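Biologist: Could you take a close look at one part of this model with me, and walk me through how its pieces fit together? I would enjoy hearing about the surroundings too.

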Amino acid sequence: MDKERLKRMAAEIAVEEIQPGEIVGLGTGSTVRHVLLALGKKVRDGLNIVGIATSKQTEEISAEQGIPLSTLAECPRIDLTIDGADEIDANLNLIKGGGGALVREKIIAHASKRLIIVADESKLVPILGTTFSLPVEVLPFGWEVTQTAINRICNESTLRQSSEKPFVSDNGNFILDCHFEAIRQPAQIELQLNNLPGVVENGLFVDRVEKVIIGTTSGVKTQKVKL
């Protein structure tokens, strides 16, 4: 069974969590695209919700699907956010930011009463940082100095590229992809990185997830946070 089918299966289950009248945070990425397609169908069938997008890409897909959007200024409290992840550990901590939207994703997650993650089974890992680099969004000004400081925390980092130029986030910033052998203390690493001048935010999401919905070759499975 291919990954896109697994993502679609999980996305369709996740959309069932959305209740009429809710303010819904809409994540970014290939898995969330399936969420938006499923949600768009429900909206066209009469579901009344308002979405808050985490990226320009999500805004565009939502508009195509007829999903009404608002802003955090107008809707500062979000009932439920559905998003994807690049890695998920056994404690439901995450690495996010492969799509470059990590800052807005974390802001919206922080404003949400509930955060549900949708993914295929390849995203499950015993320890974060073992299969995916950690994205860190940095200011373009003096980014080389910021990178030197970041490299004292990780093994090394690389400036993300797009069309042979530095990738620029929706916020106008650069992203450094940081390579670790493993991130055994994600809460500590999150704080260390965010304390560095020039760092806007990093892609570690610690103690934020209510549950994950995983598409597997044996069906859709749900993991909830351990209380």
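**The open sheet and its surroundings**

Modeller: Happily! β8 and β11 are antiparallel partners, joined over 4 bridges; strands count as paired if DSSP finds at least two bridges between them. The strands (E, at least two residues) and helices (H or I, at least four) are DSSP runs, numbered from the N terminus. Please bear in mind that this is a predicted model: local features need pLDDT of at least 70, side-chain atom pairs count only at pLDDT 80 or more, and totals for chains, interfaces and linings use all residues. Residues are numbered from 1 along each chain as its sequence is written, and side-chain values use heavy atoms, with hydrogens and water left out.

Within the β8–β11 pairing, leucine 159 stands opposite leucine 176 of β11. The two strands belong to an open sheet of 4 strands, ordered β8-β11-β7-β12 and paired in the antiparallel sense. At its edges are β8 (156–159) and β12 (199–202), each with pairing on one side only. From one strand to the next, the twist averages 30 degrees.

The edge strand β8 has two unlike faces: Ser157 and Leu159 are on the covered one, while Glu156 and Thr158 are on the uncovered one. At the other edge, β12 pairs antiparallel with β7 (residues 134–138) over 3 bridges, and valine 199 of β12 is the bridge partner of valine 138.

Two helices lie across these strands. Helix α4 (residues 102–110) lies across β7, β11 (174–179) and β12, at about 65 degrees to β12. Helix α6 (residues 186–194) lies across β7 and β12, at about 165 degrees to β12. Here axes are lines fitted to C-alpha atoms, for helices over the stretch in contact, and angles run from 0 to 180 degrees between N-to-C directions.

Elsewhere in the chain, helix α3 (residues 56–65) has a clear inside and outside. Thr58, Ile61, Ser62 and Gln65 are buried, meaning under 20% relative accessible area, whereas exposed means over 50% and partly exposed lies in between (1.4 Å probe, protein chains only). Seen down the α3 axis, the buried residues fall within an arc of 100 degrees, so they line one face of the helix; the arc is that of the directions from the helix axis to the C-beta atoms. Turned away from that side are the exposed residues Glu60, Ala63 and Glu64. The buried residues of α3 pack against β1, α2 (30–44) and β2 (50–53). Just after α3 comes glycine 66, with a positive phi near 75 degrees.

Helix α2 also brings us to threonine 31, which lies in it. Threonine 31 is buried, with a relative accessible area of 5%. Beyond its neighbours within four places in sequence, threonine 31 is in contact with Lys7, Ala11, Val118 and Ala119, contact meaning heavy atoms within 4.5 Å.

Finally, a residue from a loop: proline 20 lies between α1 (3–15) and β1 (23–26). Proline 20 is exposed, with a relative accessible area of 61%. Leaving aside neighbours within four places in sequence, proline 20 is in contact with Leu47 and Asn48. The C-alpha atoms of proline 20 and glutamate 144 are separated by 47 Å, with their positions 124 residues apart along the chain.
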